[in-house]
Amino acid sequence: MKEFRLTEHEVMSLSSRMPTPFMVASTDKIEENYRFMRHHLPHAGIYYAIKANPTPAILKRLIGLGAHFDVASAGEMALLHGMGVDGSRMIYANTVKNISGLKMAAKIGLNRFTFDEETEIDKMAAYVPGADVLLRISVHNSKAKVDLNTKFGAPPSMACELLMKARDKGLNPIGICFHVGSQSFSTAAYEEALLLCHGIFDEAKRMGLNLTDLDIGGGFPVPSLDCPHVDPAPMMDAIDRQIVRLFPNTAVWTEPGRFICGTAVNLVASVIGTRSYGDEPWYIIDESIYGSFSGIMYDHWAYPFTVFGHGEVCPSTFAGPTCDGIDVLYRSFQSPRLSIGDKVLATNIGAYSTVSATRFNGFEIAPTVIWEEQPECLSRKDTEKSSDERISAEAI
Ligand SMILES: *Cc1c(COP(=O)(O)O)cnc(C)c1O
């Protein structure tokens, strides 16, 4: 799968028209990722986890494609509702819900919730009586980069008991959900979780509960600097086969975040300072770990990085502009000698980047522009078209 990547020429052209740093998001790439998932996981519906990147143009494209959405707060619900999305297209997938979220859900007709504790049952029964609820169970996956199963999920052995308690309080228990952890490279983790859920579905049936829905969460991986070759196709194909085998009559859902938006965004930044002391040259760029690179901290990420320069190559350190020593982005990165004003590019930076950026030290959050609205995109399309024409002319 090809990532969205600006060429050197496009970086130069864009940065001659607007000040760095800025993010460039391709909504065509968003659509490609969405369709890829529909193709390789045809038996699962998609709730896009909007916390990964709620840029309006991205949401708009997904709304147009018929996506459903995973939300976790009143703010996320209001954002989507304001864009015309009915509550019936959302799942409130935060196991611990606050009152403003529950009230907003009731207001917009969102009727599907996840929970993993008995105390949540009373809250839901009070604010959204009769709601459809899925119990989140904890699953084991040592291969995930972000482990979500210490904070979330009930022990699978308690699943039926909790679902029955929800029913006793007038809620409608419809199924089970899990999240194997983020940036998971293990198909086995999903397969084991599916088997576990299959057992719970059987047990529930014996207790007179007919479960109809299964939500297999997110976590599907995106190529990173330290793991550049990720092929999600065989992974999704294998999961889909397992769904067909184990859950032929169940409504199955996924909640991808990073997979949809991660590869669709590039960051363009400039070298604004240098530091020549120490073991290797340092370059200070105009975007920081408190800004779009926040995923390095919060999401344990290493974004693929490209620098545009032509001098001798040596291991170099890249740091952000804030007055904090922690604000270091790359160490011992093989870089040509750079000068102030030279441009750098981070790719696959669409997930958990802008959303967790801060204005620390007074630096503004880098704006996101839409690639398909830029003249550079049109000229790329023209070049691609003429080379396609050339190829087909040669073929003739
Ligand atoms: C964050 C989150 C997701 C998305 O995770 P990714 O790793 O971005 O795919 C899905 N479901 C829930 C409940 C989440 O909290």
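Select H300 to start: at 43% relative accessible area, H300 is partly exposed. You'll find H300 in the loop between helix 11 and strand 12 (305-307). Keep in mind that this is a predicted model. Check the backbone here, since H300 has a positive phi of about 55 degrees without being a glycine. Most residues other than glycine have a negative phi.

Now step back to Y298, which belongs to helix 11 (residues 295-298). Is Y298 buried or exposed? Its relative accessible area is 58%, so Y298 counts as exposed. If you have the distance tool handy, pick the C-alpha atoms of Y298 and Y330: they are 32 residues apart along the chain and separated by 16 Å.

Next, jump to S332 in strand 14 (residues 328-336). S332 is another non-glycine residue with a positive phi, here about 50 degrees. Its relative accessibility is 46%, so S332 is classed as partly exposed.

**Over to the ligand**

Show the residues around the ligand: there are 14, and K51, S182, G219, E255 and Y352 come nearest. Turn on polar contacts and look at the oxygen atoms of the ligand. One contact runs to an N or O atom in the side chain of K51, at 2.8 Å. On the backbone side, an N or O atom of G219 sits 2.7 Å from a ligand oxygen. A polar backbone atom of R258 is 2.8 Å from an oxygen atom of the ligand. How much of the ligand does the protein bury? Taken alone, the ligand exposes 390 Å², and the protein buries 91% of that.

**Strand 9 and its partners**

Colour strand 9 (residues 251-254) and add strand 2 (residues 44-49): the two run parallel, joined by three bridges. To see the pairing up close, put A44 and V252 on screen, because they stand opposite each other. Then add strand 8 (residues 213-215), which also runs parallel to strand 9 and is joined to it by three bridges. Here the pair to pick is D215 and W253, which are bridge partners. Trace the chain from strand 8 through helix 9 (residues 232-246) to strand 9, and you have followed a right-handed β-α-β crossover.

**A buried lysine**

Select K97, in the loop between strand 4 (90-92) and helix 5 (99-108). K97 has a relative accessible area of 2%, so this lysine is buried. Where does its side chain reach? It comes to 2.8 Å from the backbone oxygen of T95. Beyond four places in sequence, the contacts of K97 include Y92, F113, F115, E120 and M124.

**Helix 7**

Move to helix 7 (residues 159-168) and show its buried residues: A159, C160, L162, L163, M164 and A166. Among the elements covering them are strand 5 (112-115), helix 6 (118-127), strand 6 (132-136), strand 7 (172-177) and helix 8 (187-206). Just after helix 7, look for G170, with a positive phi of about 90 degrees.

**Last stop, back toward the start of the chain**

Pick T27, in helix 2 (residues 27-40). Its relative accessible area is 6%, so T27 is buried. Show A57, I58, R61, I370 and E372 too: T27 touches these residues, leaving out those up to four places away in sequence.

Finally, select T20 and P21, which are joined by a cis peptide bond with omega about -5 degrees. P21 lies in the loop between helix 1 (8-17) and strand 1 (22-25). For comparison, most peptide bonds are trans.

Technical notes. Residues numbered from 1 in each chain as written. Predicted model: local features only at pLDDT ≥ 70, side-chain atom pairs only at ≥ 80, totals over all residues. Heavy atoms only, no water. Helix = DSSP H or I, 4+ residues; strand = E, 2+ residues; numbered from the N terminus. Right-handed = clockwise from strand over helix to strand, strands pointing away. Buried < 20%, exposed > 50% of the residue type's maximum accessible area, 1.4 Å probe, protein only. Polar contact = N/O pair within 3.5 Å; in protein donor to acceptor, adjacent residues only side chain to side chain. Contact = heavy atoms within 4.5 Å. Near = heavy atom within 4 Å. Areas by Shrake-Rupley, 256 points an atom, 1.4 Å probe, with all protein chains shown as cover.
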